[in-house]
Amino acid sequence: MASFSFGSGNVAKLLRIPLYVAGRLGTLVVPRGTRWVFGCGAGIGDGALALHRLVTAEGHETVWLTSSDRQARDAAALGIRTIPRDGLRGWWATARAGVLVVTHGLGDVNRYANSGAFLVQLWHGIPLKRIGLDSPATTQVPDVPGASLLRRVIGALYRAAAQRIRVLPASSHRARGRLESAFGLGGDRVVVTGEPRVDVLSEGPVEQRRAAASAVLSRAVGDLPAGVRTILYAPTWRDGAADPAVPTAAQWMRIISVLEEADAVLLIRSHPLGEGGYAPPLPSRRVRMLGAATLPDVTPALAAVDVLVTDYSSLAYDVGLLRMPVLFLAPDTQEYARTRGFYGRFEDVAGADAAGTWEELLEQLSLLLHDGTAFTARAERSATLSAEMHAYRDGGNTRRVYAAIRARGIPAPKGAV
């Protein structure tokens, strides 16, 4: 069931305007220090975790702002110091921060105390679907009298918030142009450093990466039989609308049959903002849930996956770093292009053979799992797509982002030579 939409989120944002004003006045009188404050809309992970580890190792004072008990527990397990994001302590930590690091939006930290800080927006994926100011969904509001005026107000608020960003890493020059447009940023604030969140896909030997990813996956979904093939299905968010790709009972039976024939397991990862009803009519160990509640950040587990199935997720760009085949299941491409929009043509990413139904997808998947030549061809296509969007694949993105931040006037930690 969908749990969030831009429309409802924007209404909440408008209602909070007095709190934003009060918070802004507060930050005018509270001096900022040197601490780095981190937050992430997806939990303890993503690029924020990679940068947090490096910054902490460099000797900077750091703290992570958590928005749930789950986040607090996950952070404690990693030895990360935390403060609740909301409330007075979260406001004070954000207001006193020298550097704020977020991955989704200013709500990753305390949204009422970010004015005047050095803001690093890591983002959380290479844009395939249009985002920010490039998408009509961003300024969506309910259909009420004065809706057009409200949309303009939301657009102005979004643009003003984006102007606070001092560093926004891009994976490549092509991605840089999309991010500059989406956030309305110019100058040197969008930097081609590579994204910290994908360093885990490039660091170390292949065998080591797969072993680490297998351990992450086993903790999330239970042990998988030796030699079993893993298929990750990751549909994206549809802004509160129902997911048109949820299988029927008959389709579920065919899905399970294909998995059994190929000795494979399907891992279902609905978008965290819109969990779909992906439960087969009868329990099957061939289908396992891998939602955000189970594994907040899926990237560290990707090296243990054999095939990705998605529609419009930026994971399609990332798994090419692993030379992983990608199949596309997109039953609503024309509607999605109209309401959300793509950067370029969807066919340039998915190819001309994107499936529109589960029947078409399962035919492609069965061929892929039984024909080594077909598997290799899809892997090559995936690697080529990734090479067009990832300028770096050396595991050094986090270090380059840190250098870009320091080059913009952020001092070294106390005691550093």
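The following paragraphs lead through a predicted model, from its sheets to its helices and to two individual residues.

Because the model is predicted, local features are taken from residues with pLDDT of at least 70 and side-chain atom pairs count only at pLDDT 80 or more, whereas totals for chains, interfaces and linings use all residues. Residues are numbered from 1 along each chain as its sequence is written, and side-chain values use heavy atoms, with hydrogens and water left out.

An open sheet is a suitable place to begin. Seven strands form it in the order β3-β2-β1-β4-β5-β6-β7, and the pairing is parallel. Strands here are DSSP runs of E with at least two residues, helices are runs of H or I with at least four residues, and both are numbered from the N terminus; two strands pair if DSSP finds at least two bridges between them. The edges of the sheet are β3 (82-84) and β7 (190-192), each of which pairs on one side only. Direction ignored, neighbouring strands of this sheet are turned by 25° against each other on average. Axes are lines fitted to C-alpha atoms, for helices over the stretch in contact, and angles run from 0 to 180 degrees between N-to-C directions.

Within this sheet, strand β4 (residues 99-102) is covered on both faces: Val 99 and Val 101 lie on one side, Leu 100 and Val 102 on the other, and all are buried. Buried means under 20% relative accessible area, exposed means over 50%, and partly exposed lies in between (1.4 Å probe, protein chains only). Strand β1 (residues 36-38) is joined to β4 by three bridges, and the two run parallel; Trp 36 has Val 99 as its bridge partner in β4. Between β4 and strand β5 (residues 118-121) there are four bridges, again in the parallel sense, and Leu 100 is partnered by Leu 119 in β5.

Towards the β7 edge, strand β6 (residues 165-170) runs parallel to β7 and is joined to it by three bridges. The bridge partner of Pro 169 in β7 is Val 191. Helix α7 (residues 173-183) packs on the sheet, where it touches β5, β6 and β7, and its direction makes about 145° with that of β6. Contact means heavy atoms within 4.5 Å.

Another group of parallel strands centres on β9 (residues 264-268), of which five of five residues are buried. Ala 264, Leu 266 and Ile 268 occupy one side of β9 and Val 265 and Leu 267 the other, so that both faces are covered. Strand β8 (residues 229-234) pairs with β9 in the parallel sense over five bridges, while strand β10 (residues 287-289) pairs with β9 in the parallel sense over three bridges. Ile 268 is the bridge partner of Tyr 233, and Ile 268 also stands opposite Met 289 in β10.

Among the helices, α2 (residues 17-29) has a buried and an exposed side. Gly 23, Gly 26 and Thr 27 are buried. These residues cover an arc of only 95° around the axis, which puts them on the same side of α2; the arc is that of the directions from the helix axis to the C-beta atoms. An α-helix has 3.6 residues a turn, so residues three or four places apart point the same way. Pro 18, Leu 25, Leu 28 and Val 29 are exposed on the other side of α2. Helix α5 (88-96) is included in what covers the buried residues of α2.

Helices α1 (residues 6-15) and α6 (residues 147-162) have axes that come within 11 Å and cross at roughly 75°. The two helices are therefore roughly perpendicular to each other, a term for angles of 65 to 115 degrees (under 35 is roughly parallel, over 145 roughly antiparallel and the rest oblique). From α1, Asn 10, Lys 13 and Leu 14 meet Leu 150, Val 153, Ile 154 and Leu 157 of α6. By class, this contact has five nonpolar, one polar and one charged residues. Ala, Val, Leu, Ile, Met, Phe, Trp, Tyr, Cys and Pro count as nonpolar, Asp, Glu, Lys and Arg as charged, and the others, Gly among them, as polar.

Two leucines complete the account. Leu 49 belongs to helix α3 (residues 46-57) and counts as buried at 10% relative accessibility. Leaving aside residues up to four places away in sequence, Leu 49 touches Ile 44, Trp 64, Leu 78 and Ile 80. Leu 321 lies in the loop between α10 (315-318) and β12 (326-328) and is buried, with a relative accessible area of 12%. The C-alpha atoms of Leu 321 and Leu 201 are separated by 6.6 Å, although the two residues are 120 residues apart along the chain.
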